[in-house]
Amino acid sequence: MREVSTSNFGRRQFLAGMAAGVGTVALSSPLRAAANEEVRIAVLGAGGRGGELARTVHGVSGAKLVAVADPDENRAASLAGKFGAKPYTDLREVLDLDDVDAVVITTCNHWHCLAAIWAIDAGKDVYVEKPLSHSQWEGRQVVEAAKKSGAIVQLGTQQRSDPIQMEARQFLHNDKGLGDIKYVQANRLGVRGPIGKRDTPLEIPKEVNYDLWLGPAQDQPIMRNSLHYDWHWDWNTGSGEMGNWGVHILDDIRNVAYQDQVSTPSKMIAAGGRMAWNDAGQTPNAHFALFETELFPTVIALSNMSIKPGEKGSWKVPGGKPMTGPGSGYVIVCEGGYYLGQRGTGKAVDLDGKTIRSFKANVSTVPAHVSNFVEAVKSRKADSLAAPIENGHYSTGWCNLANVAMRCAGTYNDEQVRSASELPAWSAVLDDMHESLKRYGADMSELKSGPMLTHDSKTEQFVGENADVANPFLRREYRPGYEVKPVA
């Protein structure tokens, strides 16, 4: 049983517990909306994603948007005003409201877990955006809090509400439409630009409560040009492109290729770096990783660089295959052909590239995913969730572990990286990376790579050689007052 401070959940529930003579307060039960009532929802985080989900909640049957919180008071007021909701700067005030049944968390990544745990402690159900966690340890605390409380907690990987995922699973595994799976290549080849590099720290806008914005993160100088959104590319607050888009693609792969039978990979190695831009970003703009599992390997190729300096179009990383595959998607390589999957569509082709079957459903996945959450809140059936939080924890884990492998990296060792696997596609993907970087005149000495890491999925710790270097990245240091605490 875990004690919870009264500031972290509804006063009414606390007083009721005291009146009943309860000496210690466990995780409180959610404020449950009756099946015939609207689920009253607050959106925590008023950026672009918060805006989209606020519009979605407003339009979903059985839900009502009642509050918006953001440490930027202008953004909170603007978004709340569009839907007749009440704006707040401090999300803790929202969590103390009796007329909020559930929250949608669209904060910066570093806030996701703490906001989710505080909301669960406050008796709310939770829809939390991807990636679930900033570190693997804190993600586990959300999973345990959800289990102990009985809260309905969904991860915002909305493609889980797209029926083509299950259709593809059926085709690949039950029907054996392409034969046995050999390996998977994931791609996130989406162009972005540098975020600037200042000589003096960024001045925080006066309308932003910076202490709240930082929350669990460390108070470090910001040397980029913008406070909002570009926090993604700072390890203190973001998870890079691996956590931003990689989680969607790797979650699809866990679902369609692995049928959710693999929680997290057993081994991983990474190479890449932040190349050519000379900006204030810390996360890699080129990140290539190999994941070994008990079933078959997955390789991920990630780049935010254009195909050539000053030109449009993203990198091409065929990896030795006759096709590159979707730029934001994946290729499941089978004995008898390839399955090409991406958001909203899928295609199975034979070894000659001839289309065998196409997959498409006319489903708007964000409303479908939010509706799935709302119905689960009303029914109290957690097993009806399309993206239950423990499953989301594992999908996020692939990204967190790939980032750890990159953060452990040192001087690039091509022989060490290539010899990590006998899979020809791994070396082919590395060749593609080198060829793309040559177009930028990049000095390969700027690349980084790390050793092969071994991960125990049961203990969620690295083990064996190099574990002492990797394990410190599994849990972060929290600022006082914003700690994620262990769930007993």
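Trainee: Why is E390 called partly exposed?
Mentor: The relative accessible area of E390 is 25%, and partly exposed is the class between buried (under 20%) and exposed (over 50%), judged with a 1.4 Å probe on protein chains only. E390 therefore falls in the middle class. Before we go on, bear in mind that this is a predicted model, in which local features need pLDDT of at least 70 and side-chain atom pairs count only at pLDDT 80 or more, while totals for chains, interfaces and linings use all residues. Residues are numbered from 1 along each chain as its sequence is written, and side-chain values use heavy atoms, with hydrogens and water left out.

Trainee: What makes the pair of R140 and E390 a salt bridge?
Mentor: A salt bridge needs a side-chain nitrogen of Lys or Arg within 4 Å of a carboxyl oxygen of Asp or Glu. The closest N and O atoms of R140 and E390 are 3.2 Å apart, so the pair meets the rule. R140 lies in helix α6 (residues 136–149) and E390 in helix α11 (residues 389–407), so the bridge ties together parts that are 250 residues apart in sequence. Helices here are DSSP runs of H or I with at least four residues, strands are runs of E with at least two, and both are numbered from the N terminus. R140 itself is buried, at a relative accessible area of 16%, and a network of salt bridges links R140, E144, K147, E390 and E460. By the same rule the count comes to 24 salt bridges.

Trainee: How do you know that R169 and D260 meet in a salt bridge?
Mentor: Their N to O distance is 3.7 Å, so it satisfies the rule already given. R169 belongs to helix α7 (residues 164–174), whereas D260 sits in the loop between α9 (240–256) and β8 (267–273), so the pair joins parts 91 residues apart in sequence. R169 counts as buried at 16% relative accessibility, while D260 counts as partly exposed at 25%.

Trainee: Why are E241 and R188 both called buried?
Mentor: E241 has a relative accessible area of 1% and R188 has a relative accessibility of 8%, so each value falls under the cut-off for buried. These two also form a salt bridge, with the closest N and O atoms 3.6 Å apart, and it links distant parts of the chain, since E241 is in helix α9 and R188 is in strand β7 (residues 181–189), 53 residues away.

Trainee: What makes the length of α9 agree with its expected span?
Mentor: The expected span is 1.5 Å times one less than the number of residues. For the 17 residues of α9 that gives 24 Å, and the end C-alpha atoms are 24 Å apart, so the two values agree. The helix nevertheless bends by about 55° at G246, the bend being the angle between axes fitted to the seven residues ending there and the seven starting there. Of the 17 residues of α9, 16 are buried, so the helix is largely enclosed by the rest of the structure.

Trainee: How do you know that β8 pairs with β9?
Mentor: Two strands pair if DSSP finds at least two bridges between them. Seven bridges join β8 to strand β9 (residues 286–292) in the antiparallel sense, so the requirement is met; within this pairing, M268 stands opposite F291. β8 also pairs with strand β17 (residues 453–456) over two antiparallel bridges, where the partner of M268 is L453. Six of the seven residues of β8 are buried.

Trainee: What makes M268 a contact of F462?
Mentor: Contact means heavy atoms within 4.5 Å, and, leaving aside neighbours within four places in sequence, the residues in contact with F462 include M268, L401, V404 and L453.

Trainee: Why is W315 called buried?
Mentor: W315 has 1% relative accessibility, so it counts as buried. Its place is in the loop between β10 (298–303) and β11 (328–334), and, with neighbours within four places in sequence left aside, the contacts of W315 include L189, F288, M433 and Y440.
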